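Okay, thanks for having me, everyone. Let me put the structure up, and then I'll walk you through a few spots.

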Amino acid sequence: MREIFNSDNSNDLEAYFVEFIGGSLTTVHYHESEQILIPISGNGVVGEFTLKPSTTLIDLCWENIKFQPLKVGEIVLIEPQILHIHGAIPGQTFSHIAIRKMFNQKYEGNRVVLTRSQTIWAVDLIQKLLGTNGHSIVIDHLRKVSEKINENVVPWVQSYSFD
């Protein structure tokens, strides 16, 4: 991943060039602001899902799982606060540009307050849920989350034609 725009050269946007090799995917995460993905080479996938009511990420009770292709010439918008993954389809290399706002705006009275927009990763969610930074237990839960993603991505890729 390489930063293209950041606070050194932009007042409002951050942008990254991201390359996924050999079918690699991000771990589950969400952003506090919209994210725009612009594929520039290869074939990729973005998957979004929600948690079933009264469950957490580590319960692995997900619903509304939807995948869509990331193909050169298309642009994908991911809404804020949506759990998602993105990356290359199995066995391929894929790259995209990712763009999002650097700051969120909140109004306090007639004053605008800016806060730095964050990306919340599965590791952050799991550590918070478990109340620990204990490496082995967090890694074990991350592995289970990744397995659940792969169980869903592979069949979708096999059923989709990227031609």
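Let's start with a pair of strands, β10, residues 103–108, and β11, residues 111–116: they run antiparallel and six bridges join them. Quick note on terms: strands (E, at least two residues) and helices (H or I, at least four) are DSSP runs numbered from the N terminus, and two strands pair if DSSP finds at least two bridges between them.

Before I go on, the housekeeping: this is a predicted model, so local features need pLDDT of at least 70 and side-chain atom pairs count only at pLDDT 80 or more, while totals for chains, interfaces and linings use all residues. Residues are numbered from 1 along each chain as its sequence is written, and side-chain values use heavy atoms, with hydrogens and water left out.

Back to our two strands. β10 and β11 make a hairpin with two residues between them, and G109 in that turn has a positive phi of about 70°. If you want a bridge to look for, take N104, whose partner in β11 is T115.

Next to look at is Q105, which is in strand β10. Is Q105 buried or exposed? It's exposed, because its relative accessible area is 53%, and the cut-offs here are under 20% for buried, over 50% for exposed, and partly exposed in between, with a 1.4 Å probe and protein chains only. Leaving out residues up to four places away in sequence, Q105 touches V112, V113 and L114, where a contact means heavy atoms within 4.5 Å. And Q105 and T115, 10 residues apart in sequence, are 6.7 Å apart in space, C-alpha to C-alpha.

Now the charges on this hairpin. K106 forms a salt bridge with E108, with the closest N and O atoms 3.7 Å apart. E108 also has a salt bridge to R111, at 3.6 Å between the closest N and O atoms. What I'm calling a salt bridge is a side-chain nitrogen of Lys or Arg within 4 Å of a carboxyl oxygen of Asp or Glu. How open are these side chains? K106 is partly exposed at 47%, E108 counts as partly exposed at 41%, and R111 is exposed at 52%.

There's one more charge to see here: R116 has its charged end over the ring of F103, 5.8 Å from the ring centre. For that to count, NZ of Lys or CZ of Arg has to be within 6 Å of the ring centre and within 35 degrees of the ring normal. Elsewhere, K148 lies over the face of W62, 5.5 Å from the ring centre.

How many salt bridges does that rule give? The count comes to eight. One of them joins R143 and D140, at 2.5 Å from N to O. Those two are three residues apart in helix α2, residues 135–159, so they are separated by about one helical turn. R143 is partly exposed at 41%, and D140 counts as partly exposed at 28%. It doesn't stop at that pair, either: D140, R143, K144 and E147 are linked in a network of salt bridges.

On to the aromatics. A search of the whole structure finds six aromatic pairs. One of them is W156 with Y160, which is stacked, at 5.1 Å centre to centre and 15° between the planes. To spell that out, rings of Phe, Tyr and Trp (its six-membered ring) pair if their centres lie within 6.5 Å, and planes under 30 degrees apart are stacked, over 60 edge-to-face, and the rest tilted. Y160 also pairs with F162, this time edge-to-face, 4.7 Å centre to centre and 70° between the planes. W156 is buried at 15%, F162 is buried at 14%, and Y160 counts as partly exposed at 29%. Add F67, and you have one aromatic cluster of F67, W156, Y160 and F162.

Last stop, the sheet. Which order do the five strands of this open sheet come in? It goes β1-β2-β9-β4-β7, with antiparallel pairing. The edge strands are β1 (2–5) and β7 (76–78), each pairing on one side only. Over at the β1 edge, three bridges join β1 to β2, residues 13–20, and those two run antiparallel. One to find on screen is E3, whose bridge partner in β2 is Y16.

That's my tour, so over to you.
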